[in-house]
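Student: Could you take me through one part of this model closely, namely the place where the two chains meet, and then follow the threads that lead away from there? I would like one connected account, with the cut-offs given as you go.

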Amino acid sequence: MNLIKTATLILTPFIPLYFAAMGGVLSEKAGIINLALESFLLISAFICGIVFHFTRSPLLAVLTACSASALWGFLHFLFTTELRINHIISGLGLNIFTSGLTVYLTSVLFNEERSFHIPYSGHPVYLFFVLFIMTLVLVSVFLHGTGIGLRYRSVGENPLEARVAGVRTGRYKAWGLVASGFLTGLGGAFLVLQSGSFVKDISAGRGYIALAAVIFGNWKPLSVTMGVIIFASFEWLGIFFQGSLIPNQIISMLPYLVTLLFLMGIFKKASPPASLGKIYG
Amino acid sequence: MTVRKLRPLLFVLAGSIFLSVVLLLTGNNPLKFFLDLIRGSLGSASAISYTLQYMTPLLYTGLAAAIAFRSGIFNIGVEGQLYIGALFSALAGCYLKTDIPCLHFLFTLAAAMAGGALWALIPALLKVHLKVNEVISTIMMNYIALNLCNFLVMETDLRVDKSLPFTKNILPSAGLSKIDILSPETMLNTGFLIGIALCLLFAFIFSRTAIGFKMNITGRSVKAASYAGIDVKKIIIRTMLISGAVAGLGGFEQIAGVFKHFVSPFPDGYGYLGIAVSLMAFNNPLFVILTAFLFGMFDSGSSFIDIISNVPREIIYVIEGMIIILVSSKIVRKGGEYV
């Protein structure tokens with residue numbers, strides 16, 4: 001029991017950030033800036049809560065949550081690549097849209113409330129810890145150890161040359177964004193299962209911190225995970241000191257400050273995928 | 001006005017149709033929803049007054065975004081610049097006392113502009129000297145501003161009382177006076193007129209002055225601008241300073257006209273909605289007035305609906321999110337990096 005408590009305490013701030021950050025890595029390695037991570041977390045948390053509420057099956061809830069979030073990933077792909085919308089705008093638009101949609105549907109389904117509880121009493125931490133290890137290995141090996149991964153990265157580095165070399169860049173981007181959504185969905189599902197309720201804007205800016213971690217980790221899965229651990233440890237500090245030594249607001253500011261310093265090249269030079277955020281005809 | 005300029009109305013229509021489908025599927029009457037939206041935003045003198053009150057901060061943030069976008073700088077940091085401007089004006093408004101009342105008002109105004117400009121200067125310098133992409137840095141600056149303001153207001157002596165989460169009230173000499181011709185109950189104030197005047201001023205600057213011309217050219221093509229002998233770095237820094245100062249004035253309007261003190265948490269989202277307002281206005285300061293009015297209608301109408309029916313206010317985000325996405329789909333296709 002004590003072990004569960006400790007593990008929960010340590011992993012709770014880490015897991016949602018980690019999955020969102022991995023989703024961010026997948027998306028950005030394919031050249032698509034992903035500000036929509038926030039909306040991925042939000043829609044998956046909402047769907048997970050709803051499905052669990054009505055079916056009482058955690059597995060089904062997590063899977064549908066991930067699928068919903070994968071659909072959001074596909075939307076972000078459509079907007080940025082097919083409709084050629086600026087990546088930042090598409091992300092911001094999806095975030096605002098999803099925030100409104102989830103609140104509205106919650107109020108329709110739960111008598112004008114802006115939140116709902118789910119009767120879940122399990123400990124999702126272990127399952128998600130296993131998933132964390134598995135996905136980390138999978139994503140790292142895929143990106144840096146396989147031929148498809150090499151082509152995938154080439155789409156984010158130089159899509160024109162990749163296309164000349166016979167890589168179907170559109171397909172890579174589409175599947176990349178679907179995978180990005182699916183992975184981030186695990187984080188959103190965890191948020192709801194862990195807290196036992198869905199509240200308005202439950203993602204609470206985690207998508208943006210995750211994006212900061214992606215930048216801080218120089219777009220490499222292992223370093224990004226290290227970045228997430230560092231950012232999560234700020235949250236641990238907050239829980240540990242309860243604002244007595246360092247005020248909470250300063251702690252919540254740290255991830256952004258550290259990322260800004262990183263961008264300035266104080267620790268190491270940032271090297272994003274060369275075609276990140278560019279729109280090609 | 002050409003037909004092309006009317007296209008954003010089509011996107012409002014598309015968003016409305018989508019929302020109608022969502023409302024129908026969930027058992028609400030879309031027709032009643034949109035009638036209530038109009039009733040709550042235009043239906044009475046007080047409704048119009050609320051619409052104008054809600055559009056006021058969007059005038060400033062929309063204009064701030066438009067100024068930056070015009071010059072090809074993607075300033076997502078309007079939100080944070082507004083926060084810092086608000087904090088600075090709240091502090092100047094209660095601590096910078098002078099015997100000449102008009103001077104105190106000007107000090108407060110200047111403090112807000114300085115705060116916003118300062119917060120915009122940091123990403124501008126990073127962009128010019130260290131080639132740091134302004135999108136990411138301004139997003140980071142937003143969250144730093146948010147947490148910094150909350151920290152200063154909640155944890156330091158600036159807080160008026162341990163039980164109240166805000167700073168001391170500003171002195172009346174620093175405040176904006178209310179406009180209560182339409183309705184005495186709303187917080188519509190002279191900041192609205194200042195906002196309109198600023199939009200007109202920048203419409204003039206962009207079409208008739210040298211600096212406006214240089215900003216336009218830099219926005220169209222950095223290469224062409226530098227071939228033409230324009231100091232692009234200087235333009236970038238100036239643009240960000242101006243954009244930040246306008247965003248800071250938006251914070252000033254909220255403090256001096258609406259709240260009279262900095263409350264934590266401060267209302268958020270005006271900066272991001274300003275981006276939507278600007279994009280929908282083709283980054284044209286004159287059209288910003290129209291689109292800010294539309295978004296003001298969304299705000300007042302949805303608050304009205306929240307009160308009189310069981311539909312939550314947040315439903316309007318569905319339309320707003322869609323408009324942001326749809327509007328930029330056409331604009332990007334026209335060519336140009338962001339504009």
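Tutor: Happy to; here is a walk from the interface to a few residues and loops around it.

This is a predicted model, in which local features need pLDDT of at least 70 and side-chain atom pairs count only at pLDDT 80 or more, while totals for chains, interfaces and linings use all residues. Residues are numbered from 1 along each chain as its sequence is written, chains are lettered from A and ligands numbered from 1 in the order in which they are written, and side-chain values use heavy atoms, with hydrogens and water left out.

Let's begin with the interface as a whole. On the chain B side 46 residues are in contact with 42 residues of chain A, contact meaning heavy atoms within 4.5 Å. The size of an interface is often given as the accessible area lost when the parts come together. Between chain B and chain A about 3,800 Å² is buried, and carbon and sulfur atoms give 78% of that; buried area here is the accessible area (1.4 Å probe) that two parts lose on being put together, summed over both. Of the area that chain B buries against chain A, Met140(B), Tyr143(B) and Ile325(B) supply 16%, more than any other three residues.

Now for the polar side of the same surface. The rule finds 3 salt bridges across the interface, each being a side-chain nitrogen of Lys or Arg within 4 Å of a carboxyl oxygen of Asp or Glu. One salt bridge joins Glu314(B) to Arg114(A), with the closest N and O atoms 2.9 Å apart. There are also 5 residue pairs in polar contact across the interface, both residues at pLDDT 80 or more. A polar contact is a pair of N or O atoms within 3.5 Å; within protein, one must be able to donate a hydrogen and the other to accept it, and residues adjacent in sequence count only if both atoms are side-chain atoms.

Which elements of chain B build this side? Helix 1 (7-25), helix 5 (101-130), helix 6 (134-155), helix 11 (270-280) and helix 13 (316-333) of chain B each supply at least two residues. Helix 6 of chain B gives the most, with 14 residues. Helices (H or I, at least four residues) and strands (E, at least two) are DSSP runs, numbered from the N terminus. By class, the side of chain B that touches chain A has 31 nonpolar, 9 polar and 6 charged residues, where Ala, Val, Leu, Ile, Met, Phe, Trp, Tyr, Cys and Pro count as nonpolar, Asp, Glu, Lys and Arg as charged, and the others, Gly among them, as polar.

Helix 11 of chain B deserves a closer look. In this helix, 11 of its 11 residues are buried, including Tyr272(B) and Ile275(B); buried means under 20% relative accessible area, exposed over 50%, and partly exposed in between (1.4 Å probe, protein chains only). Both Tyr272(B) and Ile275(B) are touched by Ile76(B), which also touches Ile88(A) and Leu92(A) in chain A. Ile76(B) is among the residues with the most contacts inside the largest nonpolar core, which has 200 residues. Such a core is a set of buried Ala, Val, Leu, Ile, Met, Phe, Trp, Tyr and Cys residues joined through side-chain atoms within 4.5 Å. Helix 3 of chain B gives the most to this core, with 12 residues.

That brings us to a polar residue in helix 3 (residues 45-70) of chain B, Thr51(B). Thr51(B) counts as buried, at 0% relative accessibility. Its side chain reaches the backbone oxygen of Ser41(B) at 2.6 Å and makes a polar contact with the side chain of Ser300(B) at 2.7 Å.

Finally, the backbone on either side of helix 11. Most residues other than glycine have a negative phi, and most peptide bonds are trans. In the loop between helix 10 (232-259) and helix 11 of chain B we find Pro265(B), and the peptide bond from Ser264(B) to Pro265(B) is cis, with omega near -5°. Lys260(B) lies in the loop between helix 10 and helix 11 of chain B and has a positive phi of about 70° although it is not a glycine. With a relative accessibility of 26%, Lys260(B) is partly exposed. Just after helix 11 of chain B, Phe282(B) takes a positive phi of about 55°.

Technical notes. Lists of a residue's contacts leave out its neighbours within four places in sequence.
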